[in-house]
Amino acid sequence: MQLENLKTLAKGMELVRTKLDSLPIIISSGFRCEDLNDLLGSKRTSQHIRGLACDFTCDRYAHVGRVFEVLAESSIPYNQLIYEFSSWIHVSFPPEGEDPRRQTLVIDREGARIYNP
Ligand SMILES: [Zn+2]
């Protein structure tokens, strides 16, 4: 299950990488076991636990905010794309066979909201 999901995540990240001119993507968090996820104070519903999400930046392409805009405007079939604390991007993909939700959010000290360009 997690292995299948990680393959799905890898395929999704390949689309992200291609969109960003195949420049290096720096991943700060990918799969998390429940213990690590708890340690980080993240929710048990986190897609990181399922192996379907990762957090990253791509500074060689552009500032993280610009990378987020480019991906939000793309047709990449993500479940969630979240610009977190103006510092990194969280992206998750649907499990094999499910349709992408394409939910685009911004999270900062004021909370979470739908991205409205
Ligand atoms: Zn994340």
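With 17 C-beta neighbours inside 10 Å, L15 is classed as partly exposed, since the class of buried residues begins at 20 such neighbours. L15 belongs to helix 1 of a chain whose structure is a predicted model. The C-alpha atom of L15 lies 9.0 Å from that of P77, although 62 residues separate the two along the chain. Contacts between distant parts of the sequence also appear in the chain as a whole: among contacts between residues at least 6 apart in sequence, 55% join residues at least 24 apart.

The chain contains 3 helices and 6 strands, which follow one another along the sequence in the pattern α-β-α-β-α-β-β-β-β. The C-alpha atoms occupy a box of roughly 35 × 30 × 25 Å along the principal axes. A radius of gyration near 13 Å would be expected for a compact globule of 117 residues, and the value of 13 Å computed for the chain agrees with this. Of the 117 residues, 24% count as buried.

The 6 strands form an open sheet of mixed pairing, in the order 1-2-4-3-5-6. The edges are taken by strand 1 (26-29) and strand 6 (111-114); each has a single partner strand, so one side of each is left without a neighbour in the sheet. On average, and with direction ignored, neighbouring strands of this sheet are turned by 30 degrees against each other. Within the sheet, strand 2 (residues 53-57) and strand 4 (residues 88-92) run antiparallel and are joined by 4 bridges. In this pairing, A53 stands opposite S92 of strand 4.

In soluble globular proteins, nonpolar side chains tend to be buried together. The largest nonpolar core of the model comprises 18 residues, and L81, I89 and V91 have the most contacts inside it. Two or more residues of this core are supplied by each of helix 1 (2-19), strand 2, helix 3 (64-73), strand 3 (80-84) and strand 4. When residues up to four places away in sequence are not counted, L81 touches L71, A72, I89, V91 and T104. Two of the residues with the most contacts inside the core, I89 and V91, are thus among the partners of L81.

Helix 3 has buried residues in V67, F68 and L71. These residues cover an arc of only 100 degrees around the axis, which puts them on the same side of helix 3. An α-helix has 3.6 residues a turn, so residues three or four places apart point the same way. The other side of helix 3 carries the exposed residues R66 and E73. The cover over the buried residues of helix 3 includes helix 1, strand 3 and strand 4. Among the buried residues of the helix, L71 is also a contact of L81.

Most residues other than glycine have a negative phi. Two loop residues of the model were examined in this respect. D21, which is not a glycine, has a positive phi near 55 degrees and is placed in the loop between helix 1 and strand 1. With 11 C-beta neighbours inside 10 Å, D21 counts as exposed. R102, likewise not a glycine, has a positive phi of about 55 degrees; its position is in the loop between strand 4 and strand 5 (103-108). R102 counts as partly exposed, with 14 C-beta neighbours inside 10 Å.

Conventions. Residues numbered from 1 in each chain as written. Predicted model: local features only at pLDDT ≥ 70, side-chain atom pairs only at ≥ 80, totals over all residues. Pairing = 2+ DSSP bridges. Axes fitted to C-alpha atoms, helices over the stretch in contact; angles between N-to-C directions. Core = buried A, V, L, I, M, F, W, Y, C linked by C-beta atoms within 7 Å. Buried ≥ 20, exposed ≤ 12 C-beta atoms within 10 Å, placed from the backbone. Contact = placed C-beta atoms within 7 Å. Rg over C-alpha atoms; globule rule 2.2 N^0.38 Å. Arc of directions from axis to C-beta.
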